[in-house]
Every structure is written in C-alpha cells, then in structure tokens.
Amino acid sequence: MRRKRRQLTDLRKGVQSSGDGDSNLLPIMSLMLILIPFLVGQVAFMHLKSISINTPGASSSEELEEDPKEKSVVIQLDVYHQKYQVQLLEESSGNPIAVTDLVAGSQAQQRLFALLQQWRRYYPKLKILLVNIDSSILYQDMVRVLDTCRKPIELAGQSTPFKFKVIVVPKEST
Amino acid sequence: MRKGKALRNKRPLTSASLNITSLMDVLTIILIFLLVNYTDSVQETDIPKGLNLPQLQSKEKGTLTEDVKVFILRDRVLVGDRVIPFSSFEAQKVEISRSFAEFLYQLNEQKKNEGKTTRVSLRADRSIPYSVIDELLVAAGAAGVNDFDLLALIEED
C-alpha cells in the first residue's frame, strides 16, 4: 500500500522510475543520427577494379632491371575461344622452352595462374607476359584473362607480391 | 463552480514516454550494413547509360586512375569531351581510329609539355569484341600512348 502511494507521488512530481526496460536510449540515438549520415556518404555499393596493361612501344612504366647472367625469358599467351596457349620463350631467339595448351572453361583461369606461378618461381628473371587475343573474344572474357595475368604472386623472400608486366600485342600492329 | 470540480477530478499528468527500442533495432541493423560496406576511399566515376562494365570475381580492389577516360559503347566512343558516333564500327573504323588518335595525340603533346605522361582508362561494354579494342589500341599507340587501365566491376560473392 505504502509502495503504491509512493509510486503515485513520484508520478505526480514527474520523477522517472528506474525500473527495467526504461534505460535512456536518447544519447545512443543521437550518436546513431551522427554516424549514419556519415557512413552513408562513405559507403560504396559498387566496387571497381582497374587492370594495368601496356602495348608495345615506349612506355612510361617502370623500367625492368637487367641481369646479364640469367637466361632472359618471356611468356606468350594466345587467347582463343576454345583454348589458351601458353608458351615460355627464350627472349633472344624466340625459341619455345615449354608450350602448354589449356582448354577454356571454368578451371582454365586457375590452371593458367598456377602455371604462371610455377614458371615465375623457376625463372626469377621472368617479368613480361605478352598477350595475343583473338579478334572475336569479348571484352568480358578478355578482362578475366588479363586479371588472372595480373594477379599478385607471392614469392619466397620478397615482402611485396610480384605482378607480371602485361603487354597486349594488338593484331593490327603485327 | 463546475469548472473547479472538473479541475479537481482531472487525472494526474503521466510522463509521456516513447518506445524507441524497435527504432534502435532498425538503426543498429542499418549501422552494421553501412559499416560492412564502408570504404575509406570512395571511388567516384561517371558511367554513361547503356554501358555494362565487365564483372570480375576479385578480392583486390585496386586504385582508379582518372587520367583520360575512354568509353566504348555499342554505338559510340566517348573520349574526353568528344563523342565519336558510329552505326557499324567495321565500316567506319578508319574514321573512328583517326579521330581517336588525333584527340589522344593533342592531349599527349599537351601533357608532355607539362612533363606528365598520359594513361588511358578504358571503360568498354562487356559485349564489345576485341577487334574494336584492338583498333583503338593501335590508334592510341600511333598517338604515343601505350599505358592503359581496363575498368571492371567487382562481383559480390
């Protein structure tokens, strides 16, 4: 009875009860109202990626250092609808050291990347990847292949991952 | 007299309280969503209507270069403020290439004088065949531009 009377007096006086479920959420609400507009301004609903490539000619990109002691090799990748032909060539003579055909499909990108990794680990001087693309290949497929070629490769003893310098050889120039 | 009685019988004022728990729940969900999609560098780029960029499955986001933007659509090529329309690329490729090369040459010369290099950011529709890209790469090479960035959208998992 006394408790009930006290509650009534408190209510008349405007005293808020400190019962369960009545915690003051207003400061959190104020914080939310500041945080949400800020985050909405910073949010990206679409993420973009750019793949750096070069064409033959005087490029402004970084120069590759030469070591005369090592054998100089390059990779030539020919992209067709049905297959990717990957060749490891001796740079001076153009003679193939190894040739691998990969059947285009869902696993082709992974196999291509595994091959590039393997060759790069075996030939430390290997830095350039020449790409020839068939005229009928769509831009979507071309970008997928070039993205695989530019994937970073983790090498032992190097803090920064290695990326091939991709040179797309235009058909009209050949 | 009646007024006084009415005042006396009036129920005591109760403190108005608003239940904001459900609102807090909604705001918490929004906050989590925004924090997941938060990026420290906002990549702003304008993409014309009708251009569907190719999609890639990648974890790496990379940085965008906004040097010279070239858009290749099914019916036109946009380079800088110049629009090169075409009905058939194959039939008009000589004129398109010439116009493209001229624009890039002027721009490249201007940049050279400023001691800068030109890098082309290529944004082509995913259905464009390589023969079109090839033609423009050759034209850019003739204008002295050999560095390109191909733009793609990152597919969400």
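How many residues of chain B are in contact with chain A, and how many of chain A with chain B? I started from this, keeping in mind that the model is predicted. I found 58 residues of chain B in contact with 53 residues of chain A.

**Entry 1, the interface**

I looked up the area next. The size of an interface is often given as the accessible area lost when the parts come together. Here I noted about 5000 Å² buried between chain B and chain A. Carbon and sulfur atoms give 64% of that area. On the side of chain B, I listed Tyr130(B), Asn146(B) and Leu150(B) as the residues that lose the most area to chain A. Together they make up 15% of what that side buries.

I then turned to the polar side of the interface. I counted 16 residue pairs in polar contact between chain B and chain A, both members being at pLDDT 80 or more. The rule finds 1 salt bridge across this interface. I traced a salt bridge to the side chains of Arg144(A) and Glu155(B), at 3.9 Å from N to O.

Which elements of chain B give two or more residues to the side that touches chain A? I wrote down α2 (21-36), β1 (55-56), β5 (120-124), α4 (130-142) and β6 (147-154). The largest share comes from α2(B), with 10 residues.

**Entry 2, chain B as a whole**

I went through the secondary structure of chain B and recorded 4 helices and 6 strands. Along the sequence I read the pattern α-α-β-β-β-β-α-β-α-β. Chain B has 157 residues, and 40% of them count as buried. I also checked contacts in chain B between residues at least 6 apart in sequence; 65% of these join residues at least 24 apart.

**Entry 3, Thr55(A)**

I picked Thr55(A) and placed it in the loop between β1 (48-54) and β2 (73-79) of chain A. Is Thr55(A) buried or exposed? I have it as buried, because its relative accessibility is 4% and the cut-off for buried is under 20%. Leaving aside neighbours within four places in sequence, I found Thr55(A) in contact with residues of both chains. In chain A these are Ile167(A), Val168(A) and Pro170(A). In chain B they are Leu137(B), Val145(B), Asn146(B) and Phe148(B). Asn146(B) was already in my notes, being one of the residues of chain B that lose the most area to chain A.

**Entry 4, aromatic rings**

I counted 3 aromatic pairs over all chains. One of them is Phe162(A) with Phe164(A), with ring centres 5.0 Å apart and planes at 80°. I call this pair edge-to-face because planes over 60 degrees apart count as such. Both rings belong to buried residues: Phe162(A) has a relative accessible area of 10%, and Phe164(A) is at 0%.

I noted a pair in chain B as well, Phe86(B) with Phe89(B). Their centres are 5.4 Å apart and their planes are at 80°, so this pair is also edge-to-face. Phe86(B) is buried at 10% relative accessible area, and Phe89(B) is buried at 8%.

**Entry 5, charges over rings**

Which residue lies over the face of Phe162(A)? I found Arg120(A) there, at 4.0 Å from the ring centre. Phe162(A) thus appears twice in my notes, with Arg120(A) over its face and with Phe164(A) as its edge-to-face partner. I also recorded Lys151(A) over the face of Phe113(A), at 5.1 Å from the ring centre.

How values were computed
Residues are numbered from 1 along each chain as its sequence is written. Chains are lettered from A and ligands numbered from 1 in the order in which they are written. This is a predicted model: local features need pLDDT of at least 70, side-chain atom pairs count only at pLDDT 80 or more; totals for chains, interfaces and linings use all residues. Side-chain values use heavy atoms; hydrogens and water are left out. Rings of Phe, Tyr and Trp (its six-membered ring) pair if their centres lie within 6.5 Å; planes under 30 degrees apart count as stacked, over 60 as edge-to-face and the rest as tilted. Buried means under 20% relative accessible area, exposed over 50%, partly exposed in between (1.4 Å probe, protein chains only). A charge sits over a ring if NZ of Lys or CZ of Arg is within 6 Å of the ring centre and within 35 degrees of the ring normal. Contact means heavy atoms within 4.5 Å. Buried area is the accessible area (1.4 Å probe) that two parts lose on being put together, summed over both. A salt bridge is a side-chain nitrogen of Lys or Arg within 4 Å of a carboxyl oxygen of Asp or Glu. A polar contact is a pair of N or O atoms within 3.5 Å; within protein, one must be able to donate a hydrogen and the other to accept it, and residues adjacent in sequence count only if both atoms are side-chain atoms.
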